[in-house]
Structures are given as C-alpha cells and as structure tokens.
Amino acid sequence: MSSNNVPDYSNSRIRSAVQPNASTPSLREPVSIAVVGSGYVGLVAAVCFAEMGHDVICVDNDESKVKALQGGDTLIHETYLPELLNRHGNRRVRFMTDLAEATRECKAIFIAVGTPQSETGDADLSYVEAVASEIARSLTTYKVIVEKSTVPVYTNEWIRRVIERNGVARELFDVVSNPEFLREGTAVADFLHPDRIVVGSDTPRAAAVLAEIYAPLTSGAYYESPNAISGVCSVETPPPLLNTSTKSSEIIKHASNAFLALKISFINAVANLCEATDANVEQVARGMGLDRRIGTRFLRPGIGYGGSCFPKDVAAFRSVAEQLGTDFSLLTEVEKINATQKKRFLGKVRSALWTLRGKKLAVLGLAFKGETDDIRESPAIELVQMLLGEGCTIRAYDPAAISRTQQILPASAGLAYAEDSYAAAADADALLILTDWKEFSELDLHRLNKTLRYPIIIDGRNLYDPHVMQQHGFTYLSVGRPAAYPVRDAVTNAAVTVGS
Ligand code: UDX
C-alpha cells in the first residue's frame with residue numbers, strides 16, 4: 001500500500017549480515033585516532049574509523065555515557081551502530097573520559113563536540129574552545145587536530161590561536177577542517193559511503209595524515225572486505241577526497257546544509273502554489289528533478305525541515321554572512337517558508353475538522369524525520385504543541401521517539417502515547433502523519449479505516465497516493481497535491497471502498 005514517496009534508505013542495506021564479532025581486517029597501517037565527543041557525529045565517526053581498521057579512542061566528559069558505551073549501549077537509535085559497536089567496542093574503539101591520555105596516545109584528534117545555536121543565531125563554540133585548550137595542555141609531539149563539528153568559517157584559525165596561547169609551538173600541530181555530511185538514520189552507511197570527503201588543510205603534512213586515515217575508503221580497499229557495510233561506494237567507485245583550504249572547507253559544510261534547506265523550502269513554496277492551482281507537486285518535483293542540474297533528491301515537500309542541523313546551520317550561516325557584511329537575506333526567506341509550512345498544516349487540519357477544540361486526534365510520528373529517535377527541532381513536536389494549544393486531545397505514536405518526547409511532553413489529560421499506529425487511531429476524529437517512518441507508509445488501510453471514528457487522514461509527508469486513499473474510503477489531505485474524498489454510492493451514500 002505504500003507509495004514511493006518514502007525516503008530512500010536503500011543505500012544502507014547490508015551486503016552480508018553484520019557478524020557481531022567478525023573483525024574487519026586492518027586494511028593498512030592503522031592510525032591512532034582520538035574522537036572527542038560521543039554524540040551522533042563523534043560516536044559514528046569513532047566506530048566507523050575502527051571499522052576502517054584504525055585504533056580509536058572516543059572521549060566524552062560524561063562518565064555515565066562512557067560507561068554505557070563501554071557496556072555496548074549505543075545511546076542513539078542508528079542502523080548498524082549496535083552491530084559495529086559490538087564488533088569493535090573495547091577493542092579497536094575504546095571509550096574514556098581522559099582527553100589528556102587520548103591526546104598523548106593519538107596522532108589525530110577529531111573534535112566532534114556540540115556547537116549549539118546561541119540566542120543570536122550564532123554557533124556557540126565554547127565547547128570547541130574548551131576542548132582545544134585541554135588538548136593544548138597535553139600536546140608534546142606533533143598532532144593533527146581536526147574540526148569535525150559543523151563550525152563557522154575562521155573557527156580553524158581560532159583553534160590554532162587558542163592552542164598557541166596555551167604555549168604550544170606552531171610546528172607541533174596543524175588544524176584541519178574535515179566536515180561530516182552524515183544524515184541521522186543512515187549515519188553509518190553515509191560515513192562509510194560518502195559522496196565526497198572534504199579535507200581543508202593549509203599544510204601538506206596534515207593533509208597527508210588525513211589522506212592516510214581515509215585511504216581504506218578512497219583506495220576502495222574497505223569495500224572489498226567480506227564484512228563491509230554495503231552502500232553506494234565500491235572498489236570500482238570509491239569516494240573522492242577533495243583537498244581545499246581550511247576556510248573553503250568550513251564554508252562547504254555550512255553552504256551545503258543551507259543549500260539543502262533552501263531546496264526543501266523551495267519545493268514547499270512550490271507545493272503551496274500547486275495547492276492554489278490544483279496542480280500536483282509530486283509531478284512538478286519529478287519534472288524538475290529529472291533535469292540533472294536540479295536532481296530529484298531533497299525535493300520532498302512536507303511540514304518543513306527540522307533536526308539538529310538544518311535550522312541551526314541556516315541561522316549560523318546567515319549570521320556569519322551578516323558579520324562579514326555580506327547580504328544573505330535569501331536564507332531569512334528559507335527560514336520564513338519553513339516556519340510557515342507548519343502553520344499551513346495546522347490550517348489544513350482545521351479545514352478538515354472545522355473547529356479544533358475537543359477534537360480527538362491520532363498523531364503518527366514525533367521524530368524530526370523517519371528512522372531516527374531524534375526529536376531536536378522536530379516539526380512534528382511543534383505541531384503537537386500547537387494542536388494541544390488549540391484544545392485538541394492527542395494520542396501519539398512513534399516507533400522510536402516516544403521516550404525522548406515524554407521527557408519534554410509528559411502524558412497529560414490532553415496527550416497520551418499509544419503502542420502502535422492502530423492504538424493511536426482508535427476512535428480518533430482524524431489521523432495526522434507527521435514523520436516519514438517507513439512503517440507509516442505500510443499501514444493496513446482497511447483496518448485503519450475501521451479503527452478511526454472518521455476516516456480522515458491529513459498527511460504532512462505525502463506517504464500515500466491520494467487515489468489509493470480515495471479507494472479505501474478516506475478523506476485524504478496531503479501537501480501540494482489535490483485533496484481526495486471517498487467516492488459515495490449514489491443510492492446509499494455510503495463510501496465505496498476497495499472490496500466493498
Ligand atoms: C542533515 C544533512 O542532510 C547532513 O548532510 C548533515 O550532516 C546533517 O544535517 P539530517 O539532519 O540527519 O542531515 O537529516 P536530513 O535527512 O537531511 O533531513 C533534514 C530535515 O529535512 C528533516 O526534517 C527531513 O524530514 C526534511 N526533509 C528532507 C524534507 O522535508 N524534504 C526533503 O526532501 C528532505
């Protein structure tokens with residue numbers, strides 16, 4: 001019953017089942033690597049560097065996290081991470097709190113700590129600065145310090161200054177920018193099968209260390225190993241490594257995320273135009289995307305982008321431009337369209353149900369996108385809050401994000417959590433789809449129709465074909481596509497459904 005509108009996670013399919021204790025062979029001389037920070041980027045990088053054959057120490061100052069990781073708990077919901085942690089944990093990748101020890105032991109130190117958004121929209125770089133100072137205090141032999149976190153241009157230079165201020169001689173270190181482009185949900189496969197590896201370095205010596213680290217991927221050797229995680233790269237088509245200046249590399253990361261956010265806001269604006277004209281945004285996106293200069297990806301309209309990166313990075317990039325006296329108000333428009341998209345969806349719910357106070361709604365999806373438990377800047381959560389504010393009663397279900405959501409939105413008189421989609425739908429006045437989980441695109445529509453009080457679905461992710469929904473007797477509203485209503489029998493006025 002699913003349409004083909006679900007994001008393509010196929011590149012993360014595994015070629016051979018991951019065997020828990022099968023160690024991938026050391027593909028070359030391993031490099032000793034420290035990764036500071038065990039969030040999405042840090043943890044995935046640490047485990048994947050181990051998978052590539054390197055000796056890795058992952059450092060985090062949160063003792064409980066380190067203990068959990070030592071015990072094999074990945075702490076985040078990410079495909080292949082449990083298997084790879086099981087494969088390499090406490091062997092090729094060790095977890096500790098001691099950054100001084102890691103600095104002494106390792107040749108390259110990747111900084112992958114958080115760069116949260118400050119009140120002004122800038123990235124807050126205080127964690128990066130603290131780590132740089134701490135590294136400096138234990139630095140006695142040559143090290144390459146690598147920015148992996150998303151940071152604004154000039155951060156590289158600041159890290160260098162901080163280390164020098166701590167009395168470290170310039171020839172004892174280099175600072176390199178090596179941005180990470182992984183997506184949550186497909187992080188491991190994205191890391192091991194990147195479209196490109198960007199290395200921003202101002203010295204050949206540091207660039208050579210990074211080339212050595214990524215050699216298992218760029219040479220294609222990793223993809224030949226029998227237990228390799230499969231994906232788009234292969235021995236014949238290994239990923240390219242692009243060498244740039246440090247500043248270009250820093251800008252590449254921000255510009256890439258801002259451009260992808262722009263692409264999403266663009267198609268959302270086009271979707272709104274389609275709604276105003278009864279055109280179909282899916283056909284429009286396909287027609288645009290087939291032009292190879294545009295490309296089909298990231299043209300899925302919906303309720304706006306969210307997550308820990310796009311909102312923060314668009315704001316930070318705009319702020320950097322402002323500080324440097326460059327007009328980038330285009331990004332303000334990107335943000336404006338994104339915010340409007342949620343309000344428009346609320347308007348759609350209202351248009352289907354008339355008044356909202358007291359309406360019982362089933363909500364499918366809380367995570368900011370499918371296949372992750374991350375709810376940071378989730379448009380789904382924002383919509384739940386808006387609907388609760390309108391006096392609706394909500395029963396919500398998400399395959400992985402309920403416990404995180406409960407921490408900020410505990411169950412209350414207005415909000416309950418269900419154990420599956422059908423329990424959420426029981427006796428509801430309408431069902432809203434807010435996250436593009438694959439399982440939401442494979443619902444038993446017949447059962448769903450019988451479970452809901454009224455067969456009304458408002459789909460913020462375009463997971464179904466409107467025509468199919470009509471055949472199943474639903475009133476179906478989606479984004480940028482004509483609404484579908486059940487066909488009624490001329491005599492009985494009953495909805496005519498498939499098989500009825
Ligand atoms: C993003 C970048 O893709 C990645 O390169 C970077 O390293 C981190 O930020 P991520 O935040 O994991 O990754 O999610 P992504 O898959 O890019 O989606 C971001 C948001 O955009 C989600 O809310 C998603 O639902 C939305 N989106 C994405 C759309 O609305 N339409 C699309 O076509 C694609």
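I began with the second largest cavity of this predicted model. I sorted the residues of its lining by type and got 2 nonpolar, 3 polar and 3 charged.

Next I looked up which residues these are. The lining of the second largest cavity is made by Asn272, Glu275, Gly302, Gln341, Arg344, Phe345, Lys348 and Val479. I noted a volume of about 40 Å³ for this space.

Which helices each supply at least two residues of this lining? I found α10, spanning 246-277, and α13, spanning 330-353. The largest share comes from α13, with 4 residues.

I then asked where the second largest cavity lies with respect to domain 2 and domain 3. Domain 2 covers 254-338 and domain 3 covers 341-477. Both give residues to the lining, so I placed the second largest cavity between them.

I turned to the largest cavity. The space in it comes to about 70 Å³. I listed its lining as Lys148, Asn178, Pro179, Glu180, Phe181, Phe191, Pro194, Arg196, Ile197, Val198 and Tyr214.

How many residues of this lining are nonpolar, polar and charged? I recorded 7 nonpolar, 1 polar and 3 charged for the largest cavity. Among the residues that line the largest cavity are Phe181, Phe191 and Tyr214.

Last, I checked the total. With the cut-off set at 30 Å³ or more, I have 3 cavities in the model.

Definitions and conventions: Residues are numbered from 1 along each chain as its sequence is written. This is a predicted model: local features need pLDDT of at least 70, side-chain atom pairs count only at pLDDT 80 or more; totals for chains, interfaces and linings use all residues. Side-chain values use heavy atoms; hydrogens and water are left out. On a 1 Å grid over the protein atoms alone, a cavity is a set of points where a 1.4 Å probe fits but cannot get out, and a pocket is an open set with protein on both sides within 12 Å along at least five of seven lines; lining residues have an atom within 4 Å of a point. Grid points are joined across faces, edges and corners, and a volume is the space filled by probe spheres set on the points. Ala, Val, Leu, Ile, Met, Phe, Trp, Tyr, Cys and Pro count as nonpolar, Asp, Glu, Lys and Arg as charged, and the others, Gly among them, as polar. Domain bounds come from an automatic or database domain assignment.
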